[in-house]
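Biologist: I've got a fold to get my head around before I go back to the bench. Could you walk me through it, one question at a time?

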Amino acid sequence: MLKKLCLLLVGLTGLAAAAHAGEAIKQLPVPAKEGGLPLMEAITERKTTREFSAKAIDNQTLSEILYAAWGISHDDKHTIPTSQNKQNLNVYVADAGGVWLYDPSQNQLKQVKTEDIRPLFATQDFMKDAPLTLIFTGTDAKNSPLHAGSAYQNVGLYAASRGLNNVVRAYFDHKAVAEAMGLAEDEVIVSQTVGWPYM
């Protein structure tokens, strides 16, 4: 009996270790918080551009995109306001490596799916080469969309400052994306694709 119990414990420990080992975490570099265009110039330059090269977004740039969207800036506050300080927004990254949930407190990405779901967003030809799409989700039908709007506006301003192209889109199958992401409670609100222009 004791031998069987020991074998069971060893097996469970092995399963736990395997599950932990399969959980990919991507630590992002510290985002640069200085430089770029002055605010009024960035506002003037901000635009929607439906053209993306396949050039990958490097981790430094990705860190700054996510910081602009939903990072922690000071006093444990996010870089955007939230209604009644509910903070009910999640930001995911869909890239060639799968789907990643952004953890702003640790400035890291946690992989939630290994499948590349970007084809679900390719409902228009200009999306075929896009390297990265942000997916904004939330549980509050009234306030989460407001928070997503603040987040994607910040990203749009960052993109203008860095010479990146971006487009905010809701033209995709929200239910199919939510299922592919394995969302249990959150609803998909909107997406924002970011990428480099053709050189």
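Modeller: Sure, and one term up front: a residue is called buried under 20% relative accessible area, exposed over 50%, and partly exposed in between. Keep in mind that this is a predicted model.

Biologist: Let's start with the overall make-up. How many helices and strands does the chain have?

Modeller: Going from the N terminus, the elements run α-β-α-α-β-β-β-β-β-β-α-β-α-β. Tally up that secondary structure and you get five helices and nine strands.

Biologist: In what order do the strands of the open sheet sit?

Modeller: In general, strands of a sheet pair through backbone hydrogen bonds, either parallel or antiparallel. Here the pairing is antiparallel, and the twist averages 25 degrees from one strand to the next. The edges are β1 (25-27) and β8 (165-169), each pairing on one side only. Reading across the seven strands, the order is β1-β6-β5-β4-β7-β9-β8.

Biologist: Which residue in β9 is the bridge partner of Val 167?

Modeller: Look at the β8 end of the sheet, where β8 pairs with β9 (residues 187-195) in the antiparallel sense over five bridges. Val 167 has its bridge partner in β9, and that partner is Thr 193.

Biologist: And what about β7: how many of its residues are buried?

Modeller: In a regular strand the side chains alternate between the two faces of the sheet. In β7, Leu 132, Leu 134, Phe 136 and Gly 138 point one way, while Thr 133, Ile 135 and Thr 137 point the other way, and all are buried. That makes β7 mostly covered, with the buried count at seven of seven.

Biologist: Which residue of β9 stands opposite Leu 134?

Modeller: β7 has a partner on either side in the strand order. With β4 it pairs antiparallel over five bridges, and there Val 93 stands opposite Leu 134. With β9 the antiparallel pairing runs over seven bridges, and in that strand the residue opposite Leu 134 is Gln 192.

Biologist: Is Glu 187 buried or exposed?

Modeller: Glu 187 belongs to strand β9 and touches Phe 136, Thr 137 and Gly 138, leaving aside residues up to four places away in sequence. Its C-alpha atom is 6.1 Å from that of Thr 139, although the two residues are 48 apart along the chain. Even with those neighbours, the relative accessible area of Glu 187 is 57%, and since the cut-off is over 50%, it counts as exposed.

Biologist: At what angle does helix α5 run to β9?

Modeller: Helix α5 covers residues 174-181 and lies across β4, β5, β6, β7 and β9. Relative to β9, it runs at about 85 degrees.

Biologist: Now for charges. Which residue forms a salt bridge with Lys 86?

Modeller: Side chains of opposite charge can pair when their charged atoms come close. The pair in question links distant parts of the chain, 54 residues apart: Lys 86 is in the loop between β3 and β4, and its partner is in the loop between β7 and α4 (144-162). Lys 86 is partly exposed at 40% relative accessible area, whereas the partner is buried at 16%. With the closest N and O atoms 3.6 Å apart, that partner is Asp 140.

Biologist: How many salt bridges are there by this rule?

Modeller: Besides the Lys 86 pair, Arg 118 and Asp 116 meet at 2.7 Å, N to O. Another one joins Lys 128 and Asp 129, at 3.1 Å; Lys 128 is exposed at 63%, while Asp 129 is partly exposed at 26%. The full count comes to four.

Biologist: Where does Asp 76 sit, given its positive phi?

Modeller: Asp 76 isn't a glycine, yet its phi is about 60 degrees. It is exposed, with a relative accessible area of 66%. Its place is the loop between β2 (72-74) and β3 (77-78).

Biologist: Last one: how much accessible area does the nonpolar patch with Ile 43 have?

Modeller: Ile 43 is in helix α2 (residues 39-45) and counts as partly exposed, at 43% relative accessibility. Leu 39 and Met 40 join it in the surface patch, and together the three come to about 330 Å².

Methods
Residues are numbered from 1 along each chain as its sequence is written. This is a predicted model: local features need pLDDT of at least 70, side-chain atom pairs count only at pLDDT 80 or more; totals for chains, interfaces and linings use all residues. Side-chain values use heavy atoms; hydrogens and water are left out. Two strands pair if DSSP finds at least two bridges between them. Helices (H or I, at least four residues) and strands (E, at least two) are DSSP runs, numbered from the N terminus. Axes are lines fitted to C-alpha atoms, for helices over the stretch in contact, and angles run from 0 to 180 degrees between N-to-C directions. Contact means heavy atoms within 4.5 Å. Patches are made of residues with over 30% relative accessible area and no salt bridge: like charges are joined within 9 Å, nonpolar side chains (Val, Leu, Ile, Met, Phe, Trp, Tyr) within 5 Å. Accessible areas come from the Shrake-Rupley method with a 1.4 Å probe; for residues, only the protein chains shown count as cover. A salt bridge is a side-chain nitrogen of Lys or Arg within 4 Å of a carboxyl oxygen of Asp or Glu. Buried means under 20% relative accessible area, exposed over 50%, partly exposed in between (1.4 Å probe, protein chains only).
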